[in-house]
Amino acid sequence: MDCIFCKIVEGSIPSNKVYENDSVVAFHDIQPAAPVHILIIPKKHIPTMNDAAPEDNELIGDIFAAARHIAKELGIAEDGYRLINNVNSDGGQVVYHLHVHLLGGKKLGSLLA
Ligand code: 5GP
Ligand code: ZN
């Protein structure tokens, strides 16, 4: 499958991994938008949150559990951070393999217009 994040899961494209378990992988974003910018992805190819099925609920929980773990490991849990999942065009999704951005390391601006 021609998916950049599947290739990162397989290891055929390199990434700077910070965390991995049976169901998810997390690595540094190639174009960081904050001092800490990690992408957390399921190993399973799910294009967008719209495509996640009820049987993926545990997997989605695993993504958030990984985020919690990584935020603590990277020392940003107390000061705080933001988790973002972009969906489709209006959401600004560019890579169509479900991922959650973990952003932190500075005071982030409001997203609410
Ligand atoms: P989206 O807009 O789809 O939510 O975010 C995709 C993110 O993936 C962007 O922040 C972009 O910088 C990141 N990205 C795209 N290609 C690569 C890559 O090959 N390696 C890494 N580490 N990040 C990537
Ligand atoms: Zn994929």
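Helices and strands here are DSSP runs, helices being H or I over at least four residues and strands E over at least two, numbered from the N terminus. The model is predicted, so to speak with the usual filters: local features need pLDDT of at least 70, side-chain atom pairs count only at pLDDT 80 or more, and totals for chains, interfaces and linings use all residues. Residues are numbered from 1 along each chain as its sequence is written, chains are lettered from A and ligands numbered from 1 in written order, and side-chain values use heavy atoms, leaving out hydrogens and water.

Let's start with the ligand. Around ligand 1 there are 16 residues (a heavy atom within 4 Å), and the closest are Asp29, Gly92, Val94, His99 and His101. Both α1 and β2 supply at least two residues each to this shell, with α1 giving the most, 3 residues. By type, the shell splits into 8 nonpolar, 7 polar and 1 charged, with Gly counted as polar and Asp, Glu, Lys and Arg as charged.

Now for the polar contacts, meaning N or O pairs within 3.5 Å. An oxygen of ligand 1 lies 2.7 Å from a side-chain N or O atom of His99. Backbone atoms join in too: a polar one of Gly92 is 2.9 Å from a ligand oxygen, and an N or O of Val94 is 2.7 Å from one. The protein covers 84% of the 520 Å² of accessible area that ligand 1 has on its own (Shrake-Rupley, 1.4 Å probe).

Where does ligand 1 sit? In the largest pocket, going by more than half of its atoms lying within 2 Å of the grid points. A pocket is an open set of points on a 1 Å grid over the protein atoms alone, where a 1.4 Å probe fits, with protein on both sides within 12 Å along at least five of seven lines. This one has a volume of about 420 Å³, the space filled by probe spheres set on the points. Phe5, Asp29, Ile30, Leu39 and Val95 are the closest to its centre among 19 lining residues, which have an atom within 4 Å of a point.

Methods
Polar contact = N/O pair within 3.5 Å; in protein donor to acceptor, adjacent residues only side chain to side chain.
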